[in-house]
Amino acid sequence: MRVAIAGAGNVGRSIAQELVGNGHEVMLLEREPRMLRPERVPQAEWVLADACEVASLEEAEIAQCDVVVAATGDDKVNLVVSLLAKTEFAVGRVVARINRAENEWLFTDQWGVDVAVSTPRLMAALVEEAVTVGDLVRLMTFRQGEANLVEITLPPDAPYVGQPVHAVPLPRDSALTAILRGKRVLVPRPDDPLEAGDELIFVCTAEVEDSVRAVILGPSAIHDV
């Protein structure tokens, strides 16, 4: 996979290091000469360019990238990069960093954003995930609300504790994707029994989140929300 990252600050470099380590081809775009530090991620291609300029993106051959990541510390820049990548160069996947929570509403498909990553929201979700038992916690949103990654930690009195996965009548547009049990990550199999304390990871649409909550925790869980 070829990935272009706009912004070579700490966030951009960290993303690049992870992707390079996973075997992907990475190009870092940075408009400030002082931020060009190829020695920090030597396996990546470094380009001095303004990612808000169409000509610069053409020269960098952005259209050949599978993914563009707008990772600068300026939300206005990230929105412009996302819009250009999607509308001018038809990049298949655009991921944008949100720096200020109050700007989150702007990061939609109208601005070319497929996935928006809000650090404040993500940190809040991870805090909730760490301390919440017996409720649904939304961890991440995909494709601007079309689907969410959610987590439920099973309390001892949950209806399907001790029951196999295939006995759980999940609603349409939802899927159990992983079970976290202690230090183990389990791929759910139909005959695997659920245990109290299991962290269940689902992908589902926002419309069925309440239904998932009701199935996993019991109908009374809806009234307690």
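How far is the sulfur of Cys 65 from the closest cysteine sulfur, and in which residue does that sulfur lie? Select Cys 65 and Cys 52 in this predicted model and look at the gap: the two sulfurs are 16 Å apart, and Cys 52 holds the closest partner, so the distance is too far for a bond. A disulfide here would need its sulfur atoms within 2.5 Å, and the structure holds zero of them.

While Cys 65 is still highlighted, check its surroundings: this residue counts as buried, at 5% relative accessibility. Then hop over to Cys 204, which is buried too, at 1%.

Next, colour residues 1–117. An unreviewed UniProt entry lists this span as "domain: RCK N-terminal". Its end C-alpha atoms lie 20 Å apart, and the span is 26% helix and 24% strand.

Now for the inside. Show cavities, and you should find one of 30 Å³ or more; the largest has a volume of about 30 Å³. To see its lining, select Ala 4, Ile 5, Ala 6, Leu 29, Leu 57, Ile 62, Val 68, Val 81 and Ala 85. These divide into nine nonpolar residues, with no polar and no charged ones. Strand 1 (2–6) and helix 3 each supply at least two of the lining residues, and strand 1 gives the most, with three.

Stay with helix 3 for the last stop. This helix covers residues 75–87 and includes Lys 76, whose relative accessible area of 60% makes that lysine exposed. Finally, draw a C-alpha to C-alpha line from Lys 76 to Arg 34: they are 42 residues apart in sequence and 21 Å apart in space.

Terms used: Residues numbered from 1 in each chain as written. Predicted model: local features only at pLDDT ≥ 70, side-chain atom pairs only at ≥ 80, totals over all residues. Heavy atoms only, no water. UniProt positions renumbered as here; feature names shortened; annotations may be inferred. Helix = DSSP H or I, 4+ residues; strand = E, 2+ residues; numbered from the N terminus. Buried < 20%, exposed > 50% of the residue type's maximum accessible area, 1.4 Å probe, protein only. 1 Å grid on protein atoms, 1.4 Å probe; cavity = no way out; pocket = protein on both sides within 12 Å on 5 of 7 lines; lining within 4 Å. Points joined across faces, edges and corners; volume = space filled by probe spheres on them. Nonpolar A, V, L, I, M, F, W, Y, C, P; charged D, E, K, R; others polar.
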